[in-house]
Amino acid sequence: MAASDRVLSQDEIDGVFHRPTEEKVKVDDDEASRRALPYDFRRPDRIAKDQLRSIHLLHENFARSLASSLSAYLRAYVMVSLVSVEQLSFLEFSQCLPSPSCIMAMGMRPYDGNGVLEINPTLIFPVLEMLLGGSGKASSTSKLSRELTEIEQSIVEVVFRIILHDLRESWRQVTNVSFSIESHETEPSLLQFMAPNEAVVAISLEIRVGEIAGMMNIGIPSIIIKMLRQKFDQGWSQRRSEVTEADQRRVLQLIKPALIQVDARLQGPTLKVEDLLAIEEGDVLMFDYSTDKPLNLLVNSRLKFHGQVVAQGKKKSFLIRSLNTAAD
């Protein structure tokens, strides 16, 4: 009997179909295990991404107001830009801070708990030089890496108070938080007012004063952010819907010097290009536009008024007869 005539048993047939399926399941399990990400059950207080976006927008406003305040106080051009907003454990946040640095524990009344405000030495020493009458441009001050003395801390404290004031005003659109200076530290490892695995929202901003640039980091406990979830939603929805008279006057002042394009047009019939090219001398074009029909006045290519062209001295003018009330 030839090999091709051999009849397979039922067990052999089942083995042919089952073996690839088992191997595939095993391969799929291996791939799934490689794609799986570890989850730390000690950190269940993750906040939603939409709330992180709200915090991002809030601190973009804070960056703009702080740039204006520091420019006025330091009498120098200051740029503040928001770099990142992310959620980390307190241990990860403290390990990202340089050592030594200028660190302040923030009180957040009426809420329990403390936040962290840190300014890198590459920025704080040039600012300190400017406060003492220097230019703040010397490269030697930007490379200093030491602890601040008590006298230097008392001088720089004014800058911290300006920062906290603008931070409080930015947060006012969500809730009233009184940020205050609780204590000063120089080493991130000495920050002990939060558990290492406690989640914080880390906000990083870059401050540029002339040619000098440095980072400012803010850490806020995530538990406080979660408590304010409803106020975040209400605050931003009210801010989008409520328009005060002061806002309208401010917008009007901003758009007063703007230039607009105004066109008075005869909206007659259309003509094909092939018909236009075939026009010869002696042909008559029918515009089919009554002399009594009002003309359209377009503002930036949008129909706004109806009226007619009139003569005013030696100039042509447009007399507005009615407002276009049709929907755009």
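In the predicted model, strands S9 and S10 are joined as a hairpin with two residues between them. Gly313 lies in this turn and adopts a positive phi of about 70 degrees. The pairing of S9 with S10 (residues 315–323) is antiparallel and extends over eight bridges. Within this ladder, Gly307 is placed opposite Ile320 of S10.

A hairpin is also formed by S8 and S9, again with two residues between the strands. Here the turn contains Asn300, whose phi is positive at about 50 degrees. Strand S8 comprises residues 295–299 and strand S9 residues 302–312, and five bridges link them in the antiparallel sense. Leu297 faces Phe305 of S9 across this pairing. Strand S9 is thus paired both with S8 and with S10.

Val309 belongs to strand S9. Its contacts, apart from neighbours within four places in sequence, are with Leu295, Lys316, Ser317 and Phe318. Of these, Leu295 falls within the residue range of S8, whereas Lys316, Ser317 and Phe318 fall within that of S10. The C-alpha atoms of Val309 and Pro294 are 9.0 Å apart, with a separation of 15 residues in sequence. Val309 has a relative accessibility of 44% and is therefore classed as partly exposed, since this class covers values between 20% and 50%.

Ahead of this region, Asp288 occupies the loop between helix H10 (273–277) and S8. Asp288 is exposed, its relative accessible area being 70%. Between Asp288 and Pro269, 19 residues apart in sequence, the C-alpha to C-alpha distance is 7.2 Å.

A separate description applies to the six-stranded sheet. This sheet is open, has antiparallel pairing, and follows the strand order S1-S5-S6-S3-S2-S4. Strand S1 (78–89) and strand S4 (178–185) are at the edges; each has a single partner strand, so one side of each lacks a neighbour in the sheet. On average, and with direction ignored, neighbouring strands of the sheet are turned by 20 degrees against each other.

At the S4 edge, strand S2 (residues 102–109) runs antiparallel to S4, and seven bridges join the two. Met108 stands opposite Phe179 of S4 in this arrangement. Helix H6 (residues 150–171) packs on the sheet and touches S2, strand S3 (114–119), S4 and S6. The direction of helix H6 makes about 150 degrees with that of S4. Helix H2 (residues 49–74), in turn, lies across S1, strand S5 (199–209) and strand S6 (212–221). The angle between helix H2 and S1 is about 145 degrees.

Strand S5 includes Ser204. This residue is buried, because its relative accessibility of 13% is under the 20% cut-off. With neighbours within four places in sequence left aside, Ser204 is in contact with Ser81, Leu82, Val83, Ser84, Met215, Met216 and Asn217. Ser81, Leu82, Val83 and Ser84 lie within the range of S1, and Met215, Met216 and Asn217 within that of S6. These contacts accord with the position of S5 between S1 and S6 in the strand order.

Confidence varies along the chain. The mean pLDDT is 78, and 77% of the residues reach 70 or more. The highest confidence is found in S5, at 90, and the lowest in helix H5 (residues 139–142), at a mean of 54.

Notes: Residues numbered from 1 in each chain as written. Predicted model: local features only at pLDDT ≥ 70, side-chain atom pairs only at ≥ 80, totals over all residues. Heavy atoms only, no water. Pairing = 2+ DSSP bridges. Helix = DSSP H or I, 4+ residues; strand = E, 2+ residues; numbered from the N terminus. Buried < 20%, exposed > 50% of the residue type's maximum accessible area, 1.4 Å probe, protein only. Contact = heavy atoms within 4.5 Å. Axes fitted to C-alpha atoms, helices over the stretch in contact; angles between N-to-C directions. pLDDT = per-residue confidence, 0-100.
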